[in-house]
Amino acid sequence: MSTTENAIASAEAHSAHNYHPLPVVVASAEGAWMTDVEGRRYLDMLAGYSALNFGHGNRRLIDAAKAQLDRVTLTSRAFYHDRFADFCTELAALCGMEAVLPMNTGAEAVETAVKTARKWGYRVKGVPDGMAKIIVASDNFHGRTTTIVSFSTDPEARADFGPYTPGFEIVPYGDLTAMREAMTENTVAVLIEPIQGEAGVLVPPAGYLPGVRELTRERNVLFIADEIQSGLGRTGKTFALDHEGVVPDMYVLGKALGGGVVPVSAVVSSADVLGVFRPGEHGSTFGGNPLACAVALEVVAMLRTGEHQQRAAELGDHLHRELGLLAGGGAVEAVRGRGLWAGVDIAPALGTGREISEKLMEEGVLVKDTHGSTIRIAPPLVISKEDLDWGLDRLRTVLSAR
Ligand SMILES: Cc1ncc(COP(=O)(O)O)c(C=O)c1O
């Protein structure tokens, strides 16, 4: 057995099989490149589902983490620490909001958003106890907790995990009329992804997001934007909603906020909305820890310059132009996305998304399939144009070789 096969066999023997990874065993990484245990190099066109927007081993982020490791890493929220205020202040400013509630993973931040909206509904909006409803979209992906899978429409994510949490209405993504019709006096929030990542990088029809903003404002309903995957530079702006000039009532952030170094997530909103919490009502031992705050503070500082957003916009235009050419040639049926983020529907006759991903891996490019014959392309925003072109060449090779 090769070193790779050994490592995979041993991983499979001693872990739950809740993932189906590509057969590559990464040993190190830098920038947009990863190296496996046998010394083969791969271009990372997934970037940890956008957690690695700033690339592997980003110097500024690693330095910030190392400096903090030598000072203090964890206090719990039982005490204040000297990185907390800066992190909250700077992140709130980046979002144009007032207050931050830090957590660790994306799913925890979504749970926090759900709890915030319900509490706001009862305490501020005056919804009768136990009656709060949150509207979500079909084909959503917001995480894996029992409450979150309760409002998933993906049978794989849901099956065998009931009983399900009530209080959610599912409407078709992109359908404003359905959303309006689903709204009642007990609706406390709309929770959507401005671009649906896991669904295949689905961009909603023009006018939908401003429409959601108008409708939610009109009906005194919170607009919660899950920008965990779409936010923090990926689409060529700080937030995907910025493309539509829309400001929600609450951002839910994660992934890139931790710079690919530590898990950091947060709910960012107004002082009024987050003001519904009293001590003891919500929290997390690791949420807002000094190491997380030090790294995320550096992430926010990097985003404040706009340099990464601009890079994602420019390289993204290039990526979409090139993928558009492929779409004209029959091998690719559709391309969606914004910035350095694309969902590519490969003609099913050429193989499943998984098969295409395996072929690309053999060519030295790592991507991830979603449903059916769709692959996602989301390289680190620090990728060079040459490397991006190299990756696109490999994609052309794989599509033409089949
Ligand atoms: C839009 C969105 N929300 C929430 C999550 C869940 O984040 P995590 O895996 O960190 O819990 C994801 C993860 O892919 C996501 O894409």
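**Close-up 1. The shell around the ligand mixes nonpolar, polar and charged residues.** In this predicted model, the shell splits into 3 nonpolar, 5 polar and 4 charged residues. Going through them by number, the ligand is surrounded by Thr105, Gly106, Ala107, Phe141, His142, Gly143, Glu193, Glu198, Asp226, Ile228, Gln229 and Lys255.

**Close-up 2. Backbone and side-chain atoms sit by ligand oxygens.** Start with the backbone: Gly106 has an N or O atom 2.8 Å from an oxygen atom of the ligand. Ala107 also puts a backbone N or O atom 2.8 Å from a ligand oxygen. Then there's Lys255, where a polar side-chain atom lies 2.7 Å from an oxygen atom of the ligand. As for how much of the ligand gets covered, on its own it has 390 Å² of accessible area, and the protein covers 81% of that.

**Close-up 3. Strand β9 is covered on both faces.** Take residues 250-253, which make up β9. Met250 and Val252 lie on one side, Tyr251 and Leu253 on the other, and all of them are buried. On to the pairing: strand β8 (residues 222-226) runs parallel to β9, and 3 bridges join them. Here Ile224 stands opposite Met250. With strand β10 (residues 265-269), β9 pairs in the antiparallel sense, over 4 bridges. Met250 turns up again in this pairing, this time opposite Ser269 in β10.

**Close-up 4. Four strands make an open, mixed sheet.** Read across, the order is β1-β2-β3-β13. The edges belong to β1 (26-30) and β13 (365-366); each has a single partner strand, so one side of each is left without a neighbour in the sheet. What does the pairing of β1 with strand β2 (residues 33-36) look like? The two are antiparallel, paired over 4 bridges. Within that pair, Glu30 stands opposite Trp33 in β2.

**Close-up 5. Thr147 sits in helix α6.** The helix covers residues 146-150. Is Thr147 buried or exposed? Its relative accessibility is 13%, and because buried means under 20%, Thr147 counts as buried. Setting aside neighbours within four places in sequence, Thr147 is in contact with Glu111, Thr165 and Phe168. With one of these, Thr165, there's a polar contact between side chains, at 2.9 Å.

Note on methods:
Residues numbered from 1 in each chain as written. Predicted model: local features only at pLDDT ≥ 70, side-chain atom pairs only at ≥ 80, totals over all residues. Heavy atoms only, no water. Buried < 20%, exposed > 50% of the residue type's maximum accessible area, 1.4 Å probe, protein only. Polar contact = N/O pair within 3.5 Å; in protein donor to acceptor, adjacent residues only side chain to side chain. Contact = heavy atoms within 4.5 Å. Near = heavy atom within 4 Å. Areas by Shrake-Rupley, 256 points an atom, 1.4 Å probe, with all protein chains shown as cover. Nonpolar A, V, L, I, M, F, W, Y, C, P; charged D, E, K, R; others polar. Pairing = 2+ DSSP bridges.
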